[in-house]
Amino acid sequence: MQLATLVLGLALATGLWSAVQAINTQARENYAEAAERLGINRFATLSSPSGPIAVDTYVRIRRAGWQVSPVLEGRIGLAGRSFTLLGVDVLTYPMEIAPQADEADVSPADVLTAPGRLFAHPDTIRNTEQAALPVPLVTSDRVPRGIVMTDIGTAERLLDRPGQISRMLVLASQPRDLPPLSDIVPTLKLTAPRAGDDLSRLTDSFHLNLTAFGLLSFAVGLFIVHGTAGLAFEQRRGMVRTLRALGVPLGLVMRLLMVELGILALVAGGLGLVLGYVVAAALLPDVAATLRGLYGAPVSGSLRLQPEWFASGIGMSLAGALAAGTHALWQVRRLPILTAPGQHSSGLASETAFRRQAQAGVAMMLFGLSCPWLLGGLVSGFVLLAGLMLGAALMLPLALSRVLSLIENRAQGALAEWFWADLRSQLPGLSLALMALLLALATNIGVGTMVSSFRLTFGGWLDQRLASELYITARSNEEGRRIESWLSDGQADAVLPIRHAETWIVNQPARIYGIVDHATYRDNWPLIASLPSVWDRVADGTGILINEQLARRGDLWPGDSVTPAAGWTMTIAGVYSDYGNPDGQAIVSLPLLLSRFDGVPARQFGVRISPDRAPMLKDALLRNFDLPASAIANQAEIKDRSIAVFEKTFVVTGALNVLTLGVASFAILTSLLTLWTMRLPQLAPLWALGLTRRKLARLELLRSVVLAGVTGLLALPLGLALAWVLLAVINVESFGWRLPMHLFPLDWLRLWLLALCAGAIAAALPARRLNRMPPSALLKVFADER
Amino acid sequence: MLLDVQNVTKTYPVADSTRPVLDGACLTLGAGETLALTGESGSGKSTLLHLVSALDGFDSGEILLDGMAMSPLSDVQKAALRRGPVALVFQQLNLIPSLTVLQNLAFHARLGGREDPRQIAGLVDRLGLAGLENRYPEQLSGGQQQRVAIGRAIALRPRLLLADEPTGNLDETTSDAVLDLMLDLVRGAGTALFLVTHSPRIAARMDRHLVLKNGRIT
């Protein structure tokens with residue numbers, strides 16, 4: 001049983017860790033592949049801090065003799081999915097990274113002339129209907145997954161951004177004696193190769209989140225191994241004494257025990273890798289969807305195994321086994337050859353150990369709490385989390401002991417007195433499993449509170465942001481103007497143009513919107529900070545609104561100044577929440593936007609109309625303008641689609657949450673099973689004194705349920721603290737937004753009941769065994785024949 | 001007759017066969033009487049004690065306690081028997097480690113609903129445990145623990161006290177002192193004592209001495 005527990009505990013720990021590592025490694029490999037294939041790692045790039053680069057600028061650089069290749073990048077919806085579209089000049093784009101069709105029947109003329117061609121990796125366009133695409137699509141395994149490439153002319157048309165260039169690749173081979181780029185285009189920024197791996201940086205926080213979860217699961221698994229290894233060595237003390245009494249050197253005994261532990265770690269590591277692969281393969285599609293949805297990161301949903309992943313898994317298994325077994329090995333080392341017969345403990349000695357542990361826990365918590373003040377940043381947020389979690393885990397045994405002591409003092413009757421006193425005396429053997437349960441429950445409460453807070457806030461936020469009843473996307477500016485004119489002619493209560501331009505704000509790419517002055521914005525827009533008369537300031541062109549991400553990253557708040565484009569400075573009138581968008585965003589009045597940017601598309605607008613008239617208006621629009629059904633979306637559809645993206649985001653977190661709770665329940669079960677041989681001599685006298693086996697079995701069940709219940713209660717404040725750190729520290733650092741914390745008592749109750757069930761399930765097997773144990777087996781306790 | 005063991009047999013499974021331990025064992029014990037049972041190791045002394053205390057079942061024969069047959073008793077009734085008229089003292093003592101000396105002393109009596117605080121207080125003095133009431137078993141010497149185990153059984157005020165090598169782990173002087181105390185207590189309370197021992201010296205101090213050999217009592 002101990003062998004199985006040890007191997008299974010270590011395999012679970014290694015498995016969950018390896019699963020997370022497999023996902024991270026796969027995603028990073030995809031980023032690197034994308035960066036490599038897009039030339040980010042090979043070529044210097046030229047970009048403009050103030051927004052898109054004009055074609056004139058490109059022409060000026062080319063005329064000066066520089067070999068550069070223009071790239072236009074944007075997001076595009078194709079067949080109901082969102083992709084990064086990369087338009088490149090196929091004549092100047094470096095051959096080694098240029099897309100090539102897998103089949104030879106695509107000529108350069110097909111690519112360069114209308115309708116053009118789209119290139120995508122076979123994995124990217126799997127299940128995509130060709131008929132739903134505006135341009136024929138061909139497969140090319142040289143295109144990174146998640147990205148669609150095309151000629152820059154086609155991209156301009158699809159993105160509706162004529163004459164715009166996002167960046168230029170500076171080719172490796174250049175003529176001699178060229179004038180410096182800084183002289184030709186002083187406003188452009190030259191970025192060296194390998195310095196532009198933005199995707200990797202952007203998604204670092206997500207991967208750090210996953211790694212933290214992996215580490216937590218690993219730690220919970222190690223609790224199991226620590227407990228089991230300790231017990232296994234404890235029970236072999238007699239054998240070790242005998243061997244030493246027979247003249248076997250202590251060093252040899254220690255080496256043999258370590259070799260044994262190492263072999264077990266290798267076996268468990270192998271099992272863990274298999275388990276890790278299965279978990280990673282199951283979770284990766286959702287992770288890929290999350291990364292694509294949140295960051296537009298090109299991650300494939302399929303898993304390829306890396307040698308370093310194997311090495312890391314086995315290494316963690318060995319290190320984990322050694323870490324978990326060190327304490328037990330140390331005790332064997334200190335074991336005297338001769339010793340008094342073992343005596344069951346009252347728990348007096350453990351009370352002192354609990355106090356020491358709790359002191360260490362307080363120190364860890366204080367260290368964690370001081371980190372954000374001293375260091376700041378995402379890593380310090382995680383140090384704070386780790387300090388809180390581990391500190392609380394270390395304080396748990398003392399807290400439990402005190403709670404049980406309080407109850408014990410009020411207990412009436414011999415059985416109740418024994419039950420509570422016995423419960424307290426069992427804490428040393430069960431404390432590791434209970435710590436694991438505390439961590440799992442607190443994580444569930446913390447992450448659950450975060451996710452539910454997010455869901456609630458996001459739902460409310462969508463209601464505010466998506467106030468228009470219909471959202472229309474015309475096929476061209478001309479069509480857009482015709483529709484707007486028709487709508488304004490008494491068909492709708494109001495038409496709210498959605499017009500935007502791409503720019504750079506505070507050295508980050510950002511999108512700037514122009515809006516008309518309307519009650520829809522004044523009444524609904526979710527502002528989190530603002531100056532007085534904020535909407536008047538926006539309407540008269542003296543104020544700009546920025547999103548929370550931009551505000552937090554640039555530490556820009558109402559009253560501060562910001563430069564939305566070169567030579568244009570505005571006062572920030574307000575900051576609005578903007579969940580689910582990694583980039584910066586700003587809002588000015590529409591006339592101001594149009595005066596600052598040329599060629600702003602006029603294809604999208606929202607329509608205000610009474611909800612009961614909306615379906616009729618939609619039908620009329622489709623009929624009168626021969627629009628495709630996808631051109632008009634109603635409020636509910638967009639909300640559903642947005643919520644679906646966010647639900648997917650938390651699928652992985654939810655799955656890891658459940659796995660961690662499962663591991664913790666398993667920890668209790670293994671502790672109870674491994675303690676079984678020690679428990680029987682404590683229960684048999686009770687039976688001899690007149691308690692039935694059935695009653696004892698029920699009390700055993702109750703013992704586990706009570707411990708899980710009290711641990712569940714103690715996990716609540718820890719879980720809420722965890723939720724606060726996630727919402728107020730980790731989220732802000734990771735995504736740039738801060739969410740209000742909502743409380744969900746019913747969820748806590750459900751989780752607490754789940755903890756009680758976990759305790760009951762874990763104790764069910766030992767209790768059943770006790771209930772069915774024949775008297776002869778119990779009598780062996782008294783006969784000393786065991 | 002308080003205890004009447006009638007032609008009891010008991011076998012244990014050994015590999016593919018069975019090994020007879022008791023083969024028609026018979027004995028009787030009157031109220032307030034003391035009886036020693038001796039025999040070689042593995043002769044079945046402890047087994048007979050376990051049968052009498054309703055801890056284990058027998059294959060055939062009957063055991064009557066105060067005229068009541070034990071074989072038809074349910075698990076719950078047997079447990080009630082051990083909380084009432086019958087009490088045991090084990091060689092390993094089996095005190096409850098999480099309870100104090102005082103709690104251990106009162107535990108069995110409280111389980112059986114027979115707690116008498118004045119009696120417990122008297123026992124503390126008579127057992128020489130004054131000042132040790134709030135200590136835990138691990139903080140006591142072997143002799144002190146043995147006295148607590150005996151006190152726990154006596155506090156129940158059973159009609160029959162069963163003792164399995166109660167002084168087996170003690171030196172001769174301490175063993176004599178503990179035995180003196182036990183005999184004193186059972187005689188004072190009118191309790192019958194059925195004691196299993198290896199020691200002829202201890203057996204000689206009982207009212208009667210029986211020997212178990214080849215599964216039979218002589």
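Strand S7 (residues 160-164) of chain B runs parallel to S8(B), and five bridges join the two. In this predicted model, that pairing belongs to an open sheet of six strands in chain B, ordered S6-S7-S8-S3-S9-S10 and mixed in its pairing. From that sheet, the briefing moves to chain B as a whole, then to the contact with chain A, and finally to three residues inside chain A.

**The sheet of chain B**

- Along the S7(B) and S8(B) pair, Ala163(B) stands opposite Leu195(B).
- Which strands form the edges of the sheet? They are strand S6 (86-89) and strand S10 (216-217) of chain B, each of which pairs on one side only.
- Strand S8 (residues 192-196) of chain B also pairs with S3(B), in the parallel sense and over four bridges.
- In that pairing, Thr34(B) is found opposite Leu193(B) of S8(B).
- S3(B) is joined as well to strand S9 (residues 208-213) of chain B, with five bridges and a parallel run.
- Here Gly39(B) has Leu212(B) of S9(B) opposite.
- As general background, strands of a sheet pair through backbone hydrogen bonds, in either a parallel or an antiparallel way.

**Strand S3 and its two faces**

- Why is strand S3 (residues 34-39) of chain B described as largely enclosed by the rest of the structure? Six of its six residues are buried, so the surroundings cover it to a large extent.
- The cut-off behind that reasoning is a relative accessible area under 20%.
- In a regular strand, side chains alternate between the two faces of the sheet.
- On one side of S3(B) sit Thr34(B), Ala36(B) and Thr38(B), and on the other Leu35(B), Leu37(B) and Gly39(B); all of these are buried, so both faces are covered.

**Chain B as a whole**

- Chain B holds seven helices and ten strands.
- Its length is 218 residues, and 56% of them count as buried.
- Among the contacts in chain B with a separation of 6 or more, 73% come from residues 24 or more positions apart.
- The accessible surface of chain B is about 8700 Å², and carbon and sulfur atoms account for 48% of it.

**Where chain A meets chain B**

- On the chain A side 31 residues are in contact with 27 residues of chain B.
- About 2700 Å² is buried between the two chains, with 61% of that area given by carbon and sulfur atoms.
- How many salt bridges are there between chain A and chain B? The count is two.
- Arg110(B) forms a salt bridge with Glu417(A), where the closest N and O atoms are 2.9 Å apart.
- Seven residue pairs are in polar contact between chain A and chain B, counting pairs with both residues at pLDDT 80 or more.
- Helix H12 (414-425), helix H22 (676-688) and helix H25 (775-783) of chain A each supply at least two residues of the side that touches chain B.
- With eight residues, H12(A) gives the most to that side of chain A.

**Ser317 in chain A**

- Ser317(A) is part of helix H9 (residues 307-333) of chain A.
- Ser317(A) is buried, at a relative accessible area of 0%.
- What does the side chain of Ser317(A) reach at 2.7 Å? The partner is the backbone oxygen of Ala265(A).
- Apart from neighbours within four places in sequence, Ser317(A) is in contact with Leu10(A), Thr14(A), Ala265(A), Ala268(A) and Gly269(A).

**Gly368 in chain A**

- Helix H10 (residues 348-374) of chain A contains Gly368(A).
- Is Gly368(A) buried or exposed? Its relative accessibility is 0%, so Gly368(A) counts as buried.
- Gly368(A) and Gly381(A) are 13 residues apart along the chain, and their C-alpha atoms are separated by 8.4 Å.
- Not counting residues up to four places away in sequence, Gly368(A) touches Val383(A), Leu384(A) and Gly387(A).

**Glu700 in chain A**

- Glu700(A) lies in helix H23 (residues 693-735) of chain A.
- With a relative accessible area of 7%, Glu700(A) is buried.
- The side chains of Glu700(A) and Arg703(A) are joined by a polar contact of 3.0 Å.
- Beyond residues up to four places away in sequence, Glu700(A) touches Arg679(A), Leu683(A), Ala763(A) and Leu770(A).

Conventions: Residues are numbered from 1 along each chain as its sequence is written. Chains are lettered from A and ligands numbered from 1 in the order in which they are written. This is a predicted model: local features need pLDDT of at least 70, side-chain atom pairs count only at pLDDT 80 or more; totals for chains, interfaces and linings use all residues. Side-chain values use heavy atoms; hydrogens and water are left out. Buried means under 20% relative accessible area, exposed over 50%, partly exposed in between (1.4 Å probe, protein chains only). Contact means heavy atoms within 4.5 Å. Accessible areas come from the Shrake-Rupley method with a 1.4 Å probe; for residues, only the protein chains shown count as cover. Two strands pair if DSSP finds at least two bridges between them. A polar contact is a pair of N or O atoms within 3.5 Å; within protein, one must be able to donate a hydrogen and the other to accept it, and residues adjacent in sequence count only if both atoms are side-chain atoms. Buried area is the accessible area (1.4 Å probe) that two parts lose on being put together, summed over both. A salt bridge is a side-chain nitrogen of Lys or Arg within 4 Å of a carboxyl oxygen of Asp or Glu.
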